[in-house]
Amino acid sequence: MFIQTESTPNPATLKFLPGQSVLEVGTADFPSPDTAESSPLATRIFGVEGVTGVFMGLDFVTVTKADGVEWDHIKPAILGAIMEHYQSGAKAVEGEASSGHAEHTGEDGEIVGQIKELLDTRVRPAVAQDGGDITFHGFDRGVVYLHMQGACAGCPSSTLTLKMGIENLLRHYIPEVLEVRPVAA
(Lines give C-alpha, C1' and ligand atoms only; values in the text may rest on other atoms or scores of the structure.)
Protein backbone atom coordinates (compact mmCIF):
# COMPACT_ATOMS: atom_id res chain seq x y z
CA MET A 1 0.00 0.00 0.00
CA PHE A 2 1.36 3.40 -1.00
CA ILE A 3 -0.08 6.41 0.85
CA GLN A 4 0.52 9.79 -0.73
CA THR A 5 0.61 13.01 1.26
CA GLU A 6 -0.21 16.53 0.14
CA SER A 7 0.32 19.79 1.93
CA THR A 8 -2.71 22.03 2.48
CA PRO A 9 -3.04 25.81 2.77
CA ASN A 10 -3.17 25.25 6.54
CA PRO A 11 0.38 24.47 7.80
CA ALA A 12 -1.08 22.60 10.80
CA THR A 13 -2.79 20.03 8.55
CA LEU A 14 -1.58 17.40 6.12
CA LYS A 15 -3.72 15.46 3.64
CA PHE A 16 -3.18 11.68 3.40
CA LEU A 17 -4.38 9.82 0.27
CA PRO A 18 -4.44 6.04 0.85
CA GLY A 19 -5.26 5.27 -2.79
CA GLN A 20 -8.58 3.70 -1.89
CA SER A 21 -11.95 4.72 -0.56
CA VAL A 22 -12.03 6.20 2.94
CA LEU A 23 -15.78 6.94 3.17
CA GLU A 24 -18.54 5.82 0.81
CA VAL A 25 -20.48 9.09 1.20
CA GLY A 26 -20.19 12.36 3.06
CA THR A 27 -17.51 13.46 5.47
CA ALA A 28 -16.57 12.75 9.07
CA ASP A 29 -14.98 15.30 11.40
CA PHE A 30 -13.22 14.36 14.63
CA PRO A 31 -11.92 17.60 16.19
CA SER A 32 -10.63 15.80 19.31
CA PRO A 33 -9.85 12.25 20.50
CA ASP A 34 -13.03 12.03 22.59
CA THR A 35 -15.16 12.52 19.44
CA ALA A 36 -13.56 9.55 17.63
CA GLU A 37 -15.44 6.68 19.34
CA SER A 38 -17.28 5.73 16.13
CA SER A 39 -14.12 5.64 14.02
CA PRO A 40 -11.51 2.90 14.31
CA LEU A 41 -9.32 4.84 11.83
CA ALA A 42 -9.50 8.17 13.71
CA THR A 43 -8.88 6.36 17.01
CA ARG A 44 -5.66 4.84 15.59
CA ILE A 45 -4.49 8.21 14.25
CA PHE A 46 -5.23 9.94 17.57
CA GLY A 47 -2.93 7.32 19.12
CA VAL A 48 -0.04 9.27 17.58
CA GLU A 49 1.20 11.87 20.04
CA GLY A 50 0.76 15.40 18.71
CA VAL A 51 -2.37 14.72 16.61
CA THR A 52 -5.21 17.12 17.50
CA GLY A 53 -7.78 16.51 14.75
CA VAL A 54 -8.83 14.03 12.06
CA PHE A 55 -11.14 14.77 9.12
CA MET A 56 -12.21 12.22 6.49
CA GLY A 57 -13.56 12.63 2.97
CA LEU A 58 -14.35 10.16 0.22
CA ASP A 59 -10.72 9.38 -0.62
CA PHE A 60 -8.60 11.27 1.90
CA VAL A 61 -7.80 11.77 5.57
CA THR A 62 -6.71 15.19 6.80
CA VAL A 63 -4.73 15.22 10.05
CA THR A 64 -4.18 18.31 12.22
CA LYS A 65 -1.16 18.52 14.49
CA ALA A 66 -0.48 20.51 17.65
CA ASP A 67 1.61 23.67 17.56
CA GLY A 68 5.26 22.92 18.24
CA VAL A 69 5.05 19.41 16.76
CA GLU A 70 7.01 18.83 13.54
CA TRP A 71 5.49 16.84 10.67
CA ASP A 72 8.82 15.06 10.19
CA HIS A 73 8.44 13.57 13.68
CA ILE A 74 4.84 12.34 13.48
CA LYS A 75 4.22 11.67 9.78
CA PRO A 76 5.78 8.16 9.80
CA ALA A 77 3.60 7.11 12.77
CA ILE A 78 0.46 8.49 11.08
CA LEU A 79 1.30 6.60 7.87
CA GLY A 80 1.75 3.46 9.99
CA ALA A 81 -1.61 3.97 11.72
CA ILE A 82 -3.40 4.38 8.38
CA MET A 83 -1.68 1.31 6.93
CA GLU A 84 -2.54 -0.77 10.03
CA HIS A 85 -6.15 0.31 9.76
CA TYR A 86 -6.48 -0.79 6.13
CA GLN A 87 -4.76 -4.11 6.88
CA SER A 88 -7.28 -4.73 9.69
CA GLY A 89 -10.21 -4.62 7.26
CA ALA A 90 -12.26 -2.41 9.62
CA LYS A 91 -14.42 0.42 8.35
CA ALA A 92 -13.13 3.98 8.70
CA VAL A 93 -16.34 4.99 10.51
CA GLU A 94 -18.96 2.76 12.09
CA GLY A 95 -22.47 3.95 11.23
CA GLU A 96 -23.44 6.86 9.00
CA ALA A 97 -21.13 9.63 7.81
CA SER A 98 -22.52 13.15 7.76
CA SER A 99 -23.88 14.76 4.61
CA GLY A 100 -22.65 17.95 6.19
CA HIS A 101 -25.41 20.53 5.94
CA ALA A 102 -27.62 21.50 8.86
CA GLU A 103 -31.36 21.23 8.34
CA HIS A 104 -33.25 24.48 7.84
CA THR A 105 -36.94 25.02 8.30
CA GLY A 106 -38.73 28.27 7.74
CA GLU A 107 -39.75 30.77 5.16
CA ASP A 108 -36.29 30.98 3.57
CA GLY A 109 -36.40 27.39 2.33
CA GLU A 110 -35.95 28.27 -1.34
CA ILE A 111 -32.98 30.56 -0.64
CA VAL A 112 -31.38 27.94 1.63
CA GLY A 113 -31.82 25.33 -1.10
CA GLN A 114 -29.97 27.61 -3.54
CA ILE A 115 -27.19 28.23 -0.98
CA LYS A 116 -26.73 24.49 -0.37
CA GLU A 117 -26.73 23.78 -4.12
CA LEU A 118 -23.99 26.37 -4.76
CA LEU A 119 -21.96 25.05 -1.81
CA ASP A 120 -22.25 21.46 -3.07
CA THR A 121 -21.44 22.21 -6.71
CA ARG A 122 -18.95 25.09 -6.53
CA VAL A 123 -17.39 25.29 -3.06
CA ARG A 124 -17.14 21.87 -1.43
CA PRO A 125 -15.31 20.15 -4.32
CA ALA A 126 -12.66 22.88 -4.30
CA VAL A 127 -12.06 22.84 -0.55
CA ALA A 128 -12.02 19.01 -0.54
CA GLN A 129 -8.96 19.24 -2.80
CA ASP A 130 -7.30 21.16 0.05
CA GLY A 131 -8.35 18.52 2.62
CA GLY A 132 -11.33 20.29 4.16
CA ASP A 133 -15.04 20.94 3.95
CA ILE A 134 -17.40 23.87 4.37
CA THR A 135 -21.01 23.14 5.26
CA PHE A 136 -24.19 25.16 5.72
CA HIS A 137 -25.05 25.93 9.33
CA GLY A 138 -27.79 28.56 9.06
CA PHE A 139 -29.32 31.57 7.32
CA ASP A 140 -30.72 34.54 9.19
CA ARG A 141 -31.56 38.05 7.89
CA GLY A 142 -29.20 37.87 4.93
CA VAL A 143 -26.31 36.28 6.83
CA VAL A 144 -25.14 32.79 5.84
CA TYR A 145 -23.42 30.86 8.63
CA LEU A 146 -20.93 28.22 7.50
CA HIS A 147 -19.02 25.55 9.41
CA MET A 148 -15.40 24.96 8.40
CA GLN A 149 -13.87 21.49 8.90
CA GLY A 150 -10.61 19.66 8.31
CA ALA A 151 -7.88 21.79 6.77
CA CYS A 152 -10.31 24.74 6.55
CA ALA A 153 -10.72 24.98 10.33
CA GLY A 154 -8.03 27.29 11.64
CA CYS A 155 -6.48 27.87 8.22
CA PRO A 156 -4.77 31.26 7.90
CA SER A 157 -6.47 31.87 4.54
CA SER A 158 -9.96 30.77 5.67
CA THR A 159 -11.21 34.34 6.25
CA LEU A 160 -10.09 35.32 2.76
CA THR A 161 -11.75 32.20 1.33
CA LEU A 162 -15.01 33.02 3.11
CA LYS A 163 -15.14 36.73 2.34
CA MET A 164 -13.57 37.02 -1.10
CA GLY A 165 -14.58 33.66 -2.49
CA ILE A 166 -17.72 32.18 -0.99
CA GLU A 167 -19.42 35.43 0.02
CA ASN A 168 -18.88 36.95 -3.44
CA LEU A 169 -20.14 33.76 -5.13
CA LEU A 170 -23.30 33.57 -3.02
CA ARG A 171 -24.03 37.29 -3.31
CA HIS A 172 -23.64 37.10 -7.08
CA TYR A 173 -26.20 34.31 -7.52
CA ILE A 174 -28.50 35.02 -4.55
CA PRO A 175 -29.28 38.73 -3.97
CA GLU A 176 -30.78 37.98 -0.54
CA VAL A 177 -27.33 36.99 0.77
CA LEU A 178 -25.62 39.98 2.39
CA GLU A 179 -22.77 38.37 4.32
CA VAL A 180 -21.07 35.06 5.14
CA ARG A 181 -19.77 34.27 8.65
CA PRO A 182 -18.00 31.21 10.10
CA VAL A 183 -19.37 29.32 13.11
CA ALA A 184 -17.58 27.08 15.59
CA ALA A 185 -18.63 23.45 15.85
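**Exercise 1. The second largest pocket**

What is the volume of the second largest pocket? Describe also what lines the second largest pocket.

Solution. The structure is a predicted model.

Step 1. The volume of the second largest pocket comes to about 260 Å³.

Step 2. Its lining consists of 20 residues. Those nearest the centre are Pro31, Met148, Gln149, Gly150 and Ala153.

Step 3. Two or more lining residues come from each of these elements: strand 3 (28-30), strand 4 (51-56), strand 5 (61-65), strand 7 (143-150) and strand 8 (179-183). Strand 7 gives the largest share, with 4 residues.

Step 4. Sorted by class, the lining holds 11 nonpolar residues, 8 polar ones and 1 charged one.

**Exercise 2. The length and bend of helix 3**

Compare the expected span of helix 3 with the distance between its end C-alpha atoms, and locate its kink.

Solution.

Step 1. Helix 3 covers residues 109-129, which is 21 residues. At 1.5 Å a residue, the expected span is 30 Å.

Step 2. The end C-alpha atoms of helix 3 lie 29 Å apart, so the two values agree.

Step 3. Helix 3 has a kink of about 45 degrees at Val123, and the proline Pro125 follows shortly after.

Step 4. After helix 3 comes Gly131, with a positive phi near 85 degrees.

**Exercise 3. The buried side of helix 3**

Which residues of helix 3 are buried, and what covers them?

Solution.

Step 1. The buried residues are Ile111, Val112, Ile115, Lys116, Leu118, Leu119, Val123, Arg124 and Val127.

Step 2. In an α-helix there are 3.6 residues a turn, so residues three or four places apart point the same way.

Step 3. The cover over the buried residues of helix 3 includes strand 6 (132-140), strand 7 and helix 4 (158-173).

**Exercise 4. Helix 4 and Glu167**

Carry out the span check on helix 4, then describe the place of Glu167 in it.

Solution.

Step 1. For the 16 residues of helix 4, 1.5 Å a residue gives an expected span of 22 Å. The end C-alpha atoms are 21 Å apart, which agrees.

Step 2. Glu167 lies in helix 4, and a kink of about 30 degrees is centred on this residue.

Step 3. Glu167 has 8% relative accessibility. The cut-off for buried is under 20%, so Glu167 counts as buried.

Step 4. The buried residues of helix 4 are Ser158, Leu162, Ile166, Glu167, Leu169 and Leu170. They pack against helix 3, strand 6, strand 7 and strand 8.

Step 5. With neighbours within four places in sequence left aside, Glu167 contacts Leu162, Leu178, Glu179 and Val180. Glu167 and Val143 are 24 residues apart in sequence, and their C-alpha atoms are 9.7 Å apart in space.

**Exercise 5. Two residues of strand 6**

Are Asp133 and Phe139 buried or exposed?

Solution.

Step 1. Asp133 is part of strand 6. Its relative accessibility is 3%, so Asp133 counts as buried.

Step 2. Outside its neighbours within four places in sequence, Asp133 is in contact with Thr27, Phe55, Arg124, Val127, His147, Met148, Gln149 and Cys152.

Step 3. Asp133 and Ala153 are separated by 20 residues in sequence and by 8.7 Å in space, C-alpha to C-alpha.

Step 4. Phe139 is also found in strand 6. At 9% relative accessibility, Phe139 counts as buried. Its C-alpha atom is 14 Å from that of Glu117, and the two residues are 22 residues apart along the chain.

**Exercise 6. Arg141**

Where does Arg141 lie, and what is its phi?

Solution.

Step 1. Arg141 is in the loop between strand 6 and strand 7.

Step 2. Most residues other than glycine have a negative phi. Arg141 is not a glycine, yet its phi is positive, about 50 degrees.

Step 3. The relative accessibility of Arg141 is 72%. Exposed means over 50%, so Arg141 counts as exposed.

Step 4. Arg141 and Ala126 are 15 residues apart in sequence, and 27 Å lies between their C-alpha atoms.

Methods: Residues are numbered from 1 along each chain as its sequence is written. This is a predicted model: local features need pLDDT of at least 70, side-chain atom pairs count only at pLDDT 80 or more; totals for chains, interfaces and linings use all residues. Side-chain values use heavy atoms; hydrogens and water are left out. On a 1 Å grid over the protein atoms alone, a cavity is a set of points where a 1.4 Å probe fits but cannot get out, and a pocket is an open set with protein on both sides within 12 Å along at least five of seven lines; lining residues have an atom within 4 Å of a point. Grid points are joined across faces, edges and corners, and a volume is the space filled by probe spheres set on the points. Ala, Val, Leu, Ile, Met, Phe, Trp, Tyr, Cys and Pro count as nonpolar, Asp, Glu, Lys and Arg as charged, and the others, Gly among them, as polar. The expected span of a helix is 1.5 Å times one less than its number of residues. The bend at a residue is the angle between axes fitted to the seven residues ending there and the seven starting there. Buried means under 20% relative accessible area, exposed over 50%, partly exposed in between (1.4 Å probe, protein chains only). Contact means heavy atoms within 4.5 Å.
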